[in-house]
Amino acid sequence: MSKLTFERPIIQRINAGLPSKYGMPRRLDPISHIDGTSIKSLLDEFGSPLFVISEQTIRKTYKEAHRAFSSRYPNVQFSWSYKTNYLNAVCNVFHQEGAWAEVVSGFEYQKAIENGVPGELIIFNGPDKSTDDLRLAIENNSLIHIDHFDELYELIHLSKEMGERPKVAIRVNMDTGFYPLWDRFGFNFENGEAWDALNRVMASKTLDLLGLHTHIGTYILSTDGYRIAAEKLASLAVKLEKKYGHVLKYIDLGGGFASKNTLRGAYYPGTDTAPSFDDFAEAITSALMSSEIKPDHLPMLILETGRAMIDEAGFLAGSVLATKRLADGRRATIIDVGVNILFTSFWYDHDIRPVEAVSDQSEDTTIYGPLCMNIDVIRGNIMFPLLKKGDHFVIRRVGAYNMTQWMQFITLRPNVIMLDSKGKPHLIRKKESLETINSLENTPEHLKNFEL
Amino acid sequence: MEKIKVNVALSGLNNIDNPGPGIPVIRGLKESKILDVRVIGLSYENLEPGIYMHDLVDKTYKVPYPSDGFEPFLDRIRYIHEQENIQVLIPNFDSELFTVMKSEKILQDMGIRTFLPTLKQFEERHKSNLPEYGEKYGVKVPYSETITSLSDWRRIESKFEYPVVVKGKFYDAHIAYDRDQVSIFFNKIAAKWGLPIVIQEFVRGTEVNVVALGDGKGNTIGAVPMRKTYITDKGKGWGGITLQDQTMMDLTQKIISQTQWRGGMELELIRTSKNELFMIEINPRLPAWVYLAVAAGQNLPEALVLLALGKELKPFSQYEVGKMFIRYSYDMICDMKEFEEFSTRGEV
Amino acid sequence: MLKIKSTIAISDSGFVFDAGTGDSFSLNNTGLEIVRLIKEGKDFPEIIQKVSEKYEVDEESFERYYYDFVATLNQLNLIEKDGED
């Protein structure tokens, strides 16, 4: 007679009275494979922890977003937001799909150029552009989105000095009913500053005004803000044509679309609340199509959405270091992924799953990272099965911001691999070593030796 | 006439001192002369009294919280549907509405009907959208502004007169008499429910309510106005009495016809000493005091099920004025065995 | 030796009721079996023998699970305090 599989013995208090946070106990389905490739074999080969990016998912998401907009609007262009994830392999998947580059610093600008993006297809955003950056961008015919008057005057000055006609757009901030207002970027719509800036650009005669840009916020769950933003930008475009007969080439609605991650403290999970690309597209394109812009003058619609494009494609796999019981009886599981490489755990309740099939039983658990820091909490309260040392887990939707905002703190940043469309792994960023870090340092001669 | 047999699943069985609408809705259904209802209770907790009220609830199943997402919720509904063949589903908690609305199509394909407001109607009436709502539909609402910081408040403070009501986006409301109190409540609510915070003009007057049912085509199938005669320290009605009030009825019909409201609703209104009506909130479901409407001659739960089944209904034309309810609590004696069943097997 | 508190009733469904405190708990199948074995006065070697006859489990994992489980029983106040040694 074959023996039965043993399940870990469990006893749980039945909460009589106080409503518990958890209704029916819900089983967390394990995730053992990504795109058909076993997570365990990847960890064996590339070490733990490990970032895994699914090329297939990036392309699928991109196509989905592109379809949503281009099926509703005649002229749509996506531009990859470098800051969201500027690993070259990731950028190039987007460029292969047809996305331009959207950068916010000289460093990102150089990265885009090195990736081979033609200068005229780089959008240069943000408040930080040095004079050298601007010169280079002007020479390359890049699209410079002006953030403040100091920059506007510098550009006018440079255009005269260089005898060039810089291609520019004005970044506009506005009240779209979404809070907090991002009024620190660009020129305000409601108080007339944006209109003043446009008049100044037109009066300069040396700047080539191509577009209008706005970016209303981040992780936005309501499509209505985008409708309002599109209407307001369209009204500026109409005013420009009326006053100067000037027809804009493009309107850039920026990004900020929510991904399916769940914000900490949100009642409903992000998978339920995040609007689809179709929802965003409907709000934006219908506002533009029904504006007073003449149909044959409809500008190109540019989108720079980063998070919603890449979050889903990123996974972070790792191993359990230990389990323990806290003073109040709750479970604690310690894993080899800390907040230093999973920055987004500060604002998301990340979806974390076991890799191997485990018991149906789960317990109220806190998941800690490996850092010697009290803030290193990956999930505060989660109904999670008890894993044992060496078991594996995978965290979903980590593609956005983690691989740009991560810190080298106490430990080193791990390998990043990309699974190609056949599920074959490619190492796209090598893990750091002691040498990587030490090679940047210099110890003065008199500090080289000591005796203990 | 033979009664129509129908299986109705519903939640809100928490018939405690701050009751959910489940049991009152069931009472309406069980008293129906047209429907023969089998009631399938959906419960989140082991101690929701409805689970143990077998004269009203035929069978109860434990369900996962909507905060787990609609997939786990639907999985469970699928299982229950296999056992019970649910024909109509009535969610009675605000927190469930979003989840059920989002799954409406899938439920329909399974053969489960609902009769709920559309997502647009649901979103539009959120507290933070009240001023736009008032303007759009020509309804008097208290002046309000949305703030995200206390410096926002200092900027707009002069537009208000103290006291003001400080409200969270979803729940919570406090009356503040000065700037210090605004700042206390701002921080308290923001910590719990996040931003933005709504600051609302305080309208002095009597709280009156209407329970109503819209057919989704602009018709008001039924509406009964009521004044709470006594309010508990939790702000809940202890007793209430039906009113004869044409302005309240007109306002209700106006809102339902303009928004094409579908499903049950409760209007929370304030009547000022100048006899003006201000709308404070729209709850997108039948309230816990709906049985008063049944007793006054409008069986709105029954009508809601009939609408869900696709029947054409003639609107109720009258109700009894001066009908009263007094809420009471009652210590029901229960069998430990049933508690054991429900908590270990999730159904009883 | 471990002793389960005398006020505790355990039913076949794994439902546990502590008449002394009014608390109730639920056990999974293996939990139920182990609690019964403890109640019968079996010690750890006997329990591990019984369990490994029936289930596919190695000694090391079982020991780990067992002591963790007993710690939980203790935490939940289901073990007789003076019966511990």
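Helices here are DSSP runs of H or I with at least four residues, strands are DSSP runs of E with at least two, and both are numbered from the N terminus. You're looking at a predicted model, where local features need pLDDT of at least 70, side-chain atom pairs count only at pLDDT 80 or more, and totals for chains, interfaces and linings use all residues. Residues count from 1 along each chain as its sequence is written, while chains are lettered from A and ligands numbered from 1 in the order in which they are written.

**Stop 1: a loop in chain A**

Select Y401(A). This residue lies in the loop between β20 (392-396) and α12 of chain A. Check its backbone: phi of Y401(A) is near 70 degrees, a positive value in a residue other than glycine.

**Stop 2: the two domains of chain A**

Now colour chain A by domain: domain 1 is 33-52 + 312-432 and domain 2 is 56-310, with bounds from an automatic or database domain assignment. Taken over C-alpha atoms, their centres are 33 Å apart. Domain 1 of chain A and domain 2 of chain A each put 19 residues into the contact, where two residues are in contact if their C-beta atoms, placed from the backbone, lie within 7 Å.

On the domain 1 side, pick out α12 (402-405), β21 (416-419) and β22 (425-429) of chain A, each of which supplies at least two residues. That side has nine nonpolar, five polar and five charged residues. For these classes, Ala, Val, Leu, Ile, Met, Phe, Trp, Tyr, Cys and Pro count as nonpolar, Asp, Glu, Lys and Arg as charged, and the others, Gly among them, as polar.

**Stop 3: a helix pair in chain A**

Show α5 (131-139) and α6 (149-162) of chain A. Their axes come within 11 Å and cross at roughly 55 degrees; axes are lines fitted to C-alpha atoms, for helices over the stretch in contact, and angles run from 0 to 180 degrees between N-to-C directions. That angle makes α5(A) oblique to α6(A), given that angles under 35 degrees count as roughly parallel, over 145 as roughly antiparallel, 65 to 115 as roughly perpendicular and the rest as oblique.

Which way does α5(A) pass α6(A)? The crossing is right-handed, that is, the near helix is turned clockwise from the far one by less than a right angle (anticlockwise would be left-handed). Turn on side chains for T131(A), L134(A), R135(A) and I138(A) of α5(A), which meet E154(A), L155(A), L158(A) and M162(A) of α6(A). Five of the contact residues are nonpolar, one is polar and two are charged.

**Stop 4: where chain C meets chain A**

Bring in chain C. It gives 21 residues to the contact, and chain A gives 16. On the chain C side, β3 (24-27), α1 (29-39), β4 (55-56) and α3 (59-75) each give two or more residues, and α3(C) has the largest share, with six. By class, the chain C side divides into 10 nonpolar, eight polar and three charged residues.

Zoom in on β1 (4-5) of chain A: this strand and β4(C) pair in the parallel sense over two bridges, and two strands count as paired if DSSP finds at least two bridges between them. Within that pairing, T5(A) has E56(C) as its bridge partner.

**Stop 5: the four-stranded sheet of chain B**

Over to chain B, where four strands form an open, parallel sheet in the order β3-β2-β1-β4. β3 (59-62) and β4 (88-90) of chain B are at the edges with a single partner strand each, so one side of each is left without a neighbour in the sheet. Direction ignored, neighbouring strands are turned by 25 degrees against each other on average. Follow β1 (4-10) and β2 (35-43) of chain B, joined by seven bridges, with V6(B) partnered by V37(B). Then add α11 (300-308) of chain B, which packs on this sheet, touching β1, β2 and β4 of chain B.

**Stop 6: the six-stranded sheet of chain B**

Keep α11(B) on screen: this helix also lies across β9, β10 and β12 of chain B, running at about 30 degrees to β9(B). Those strands belong to an open, antiparallel sheet in the order β13-β12-β9-β10-β11-β14. In its middle, look for V211(B) opposite V224(B) in β10(B).
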